[in-house]
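Subject: Structure handover

Hello,

Here is the structure I promised you. Please open it and keep it on screen while you read the notes below.

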Amino acid sequence: MAWFRKERKPRVPRRERLEIPPDAWEKCEACGHTDIREKFARNLNVCPECDYHRRIRAVEYVNILLDEDWEETEDGLRSADPLGFPEYAARLKKAQNNAGDTDAILTASGTLGGIPTNVGVMDFAFMGGSMGSVVGEKIARAGQRSLEKKQPFIIVSASGGARMQEGVLSLMQMAKAAAILSQLAERRIPYVSILTNPTTGGVSASYAMLGDAILAEPGAVIGFAGPRVIKQTLGQDLPEGFQTAEFLLEHGMLDAVVHRRDLKATVGQLLRHMTGKPAAAPSAAS
């Protein structure tokens with residue numbers, strides 16, 4: 001006779017045990033491939049099926065490019081409303097709350113493969129990565145830091161262009177950024193421009209296309225005006241995919257189209273070449 005009784009827990013159906021929460025899945029915007037979010041994250045948010053490069057946040061690019069222990073710079077700058085543009089102040093506040101950032105660019109200082117480097121990364125999540133006074137000022141300050149410390153400068157662009165709510169003050173940032181980049185060029189301090197999807201408008205017409213080396217992610221849309229405006233202006237049909245990174249590479253506007261997983265290694269190789277440093281030792285994997 002048993003002196004005890006072991007209570008059994010109700011058996012959970014196998015289907016219920018294996019069920020994955022709906023928010024754990026993500027879908028590729030290009031091909032529709034659906035996969036676990038962690039798989040997209042491990043692949044740097046590049047679709048494992050079609051290789052489509054999804055948009056990522058500025059801080060993610062900084063983590064991809066820089067070694068550990070990088071430091072954000074100029075994080076105290078905030079956009080004002082100098083022209084009193086209707087509802088601009090409210091839109092700024094909404095963008096800051098939604099994006100979790102103070103403006104459309106993050107600047108940071110750190111090392112890339114051991115090389116002291118300054119970076120500026122635009123964030124499309126903040127008002128479409130629009131270029132306003134703060135974006136221009138942060139680029140100028142980061143460029144000045146590179147100038148004073150003789151360190152390479154990298155800008156990752158992701159923008160719809162100038163911020164119309166700041167009018168001519170926004171357009172001034174094109175010349176402001178170009179001025180500091182010209183000083184870097186005079187001092188032979190490397191500037192690498194990385195174009196992501198999209199890089200358009202005043203950004204593409206200024207600092208995005210002024211790099212000593214200009215790289216782009218696969219499939220990135222790059223251009224000044226949109227296809228419809230260009231077609232109406234020229235009065236003729238446009239070549240297929242004429243504003244993609246691959247088309248620009250074919251026509252000599254870019255130096256290379258680089259997969260996101262290879263960005264750090266490629267830029268590191270460029271910086272070592274430009275600064276006269278020895279090539280990095282091959283990894284064990286290679």
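First, a word on the annotations: UniProt positions are given in the numbering used here, feature names are shortened, and annotations may be inferred rather than shown by experiment. Also, keep in mind that this is a predicted model.

**The annotated region**

Start at residues 28–50. UniProt, in an unreviewed entry, gives this stretch the feature "zinc finger region: C4-type". The chain here is 26% helix and 13% strand. Its end C-alpha atoms are 9 Å apart.

Which residues does UniProt list under "binding site"? The unreviewed entry names Cys28, Cys31, Cys47 and Cys50. These residues are spread over 23 residues of sequence, yet they cluster in space. The largest C-alpha distance among them is 8.6 Å.

Now look at two of these cysteines. Cys47 sits in the loop between α2 (37–42) and α3 (58–65). Cys50 is in the loop between α2 and α3 as well. Are they buried or exposed? Buried means under 20% relative accessible area. Cys47 has 1% relative accessibility, so it counts as buried. Cys50 is partly exposed, at 35%.

Their contacts fit the cluster. Leaving out residues up to four places away in sequence, Cys47 touches Cys28, Cys31, His33, Phe40 and Tyr52. With the same residues left out, Cys50 touches Cys28, Ala30 and Cys31.

**A histidine in the loop**

Stay in the loop between α2 and α3, and find His53. It counts as buried, at 4% relative accessibility. What does its side chain reach? One partner is the backbone oxygen of Asp51, at 3.0 Å. Another is the backbone nitrogen of Arg260, at 3.1 Å. Not counting residues up to four places away in sequence, His53 touches Asn45, Val46, Glu217, Pro218, His259 and Arg260.

**Helix α4**

Next, go to α4, residues 88–99. This helix has 12 residues. It reaches 16 Å from its first C-alpha to its last, close to the 16 Å expected at 1.5 Å a residue.

Which residues of α4 are buried? They are Tyr88, Leu92, Ala95 and Ala99. These residues cover an arc of only 65 degrees around the axis, which puts them on the same side of α4. There is a general rule behind such patterns. An α-helix has 3.6 residues a turn, so residues three or four places apart point the same way.

Now turn the helix around. The face away from the buried side carries the exposed residues Ala90, Lys93, Lys94, Asn97 and Asn98. Just after α4 comes Gly100, with a positive phi of about 75 degrees.

Zoom in on Tyr88, which lies in α4. It has 1% relative accessibility and so counts as buried. Its side chain makes a polar contact with the side chain of Glu166, at 2.6 Å. Apart from residues up to four places away in sequence, Tyr88 touches Ser79, Ala80, Asp81, Met127, Arg163, Gln165 and Glu166. To link back to the loop, pick Tyr52 too. Tyr88 and Tyr52 are 36 residues apart in sequence and 33 Å apart in space, C-alpha to C-alpha.

**The nonpolar cores**

In soluble globular proteins, nonpolar side chains tend to be buried together. Here the largest nonpolar core has 35 residues. Val135, Ile139, Phe153, Tyr207, Ile222 and Leu254 touch the most other members. The elements that give two or more residues to this core are α4, α5 (133–149), β6 (153–159), α6 (167–186), β7 (191–200), β8 (213–216) and α9 (245–250). Apart from this core lies another, of 22 residues. Its members include Val62, Leu106, Val121 and Val267.

Phe153 is a good residue to click on. Among its contacts are Ile139, Ala142, Leu181, Leu184 and Val192.

**Helix α5**

Last stop: α5. It has 17 residues. From first C-alpha to last it reaches 24 Å, close to the 24 Å expected at 1.5 Å a residue. Its buried residues include Val134, Val135, Ile139, Ala142 and Leu147. What covers the buried residues of α5? The cover includes β3 (71–73), β4 (105–112), β5 (115–122), β6 and α6. After α5 comes Lys150, whose phi is positive, near 55 degrees.

Best wishes

Definitions and conventions
Residues numbered from 1 in each chain as written. Predicted model: local features only at pLDDT ≥ 70, side-chain atom pairs only at ≥ 80, totals over all residues. Heavy atoms only, no water. Helix = DSSP H or I, 4+ residues; strand = E, 2+ residues; numbered from the N terminus. Expected span 1.5 Å × (residues − 1). Buried < 20%, exposed > 50% of the residue type's maximum accessible area, 1.4 Å probe, protein only. Arc of directions from axis to C-beta. Contact = heavy atoms within 4.5 Å. Polar contact = N/O pair within 3.5 Å; in protein donor to acceptor, adjacent residues only side chain to side chain. Core = buried A, V, L, I, M, F, W, Y, C linked by side-chain atoms within 4.5 Å.
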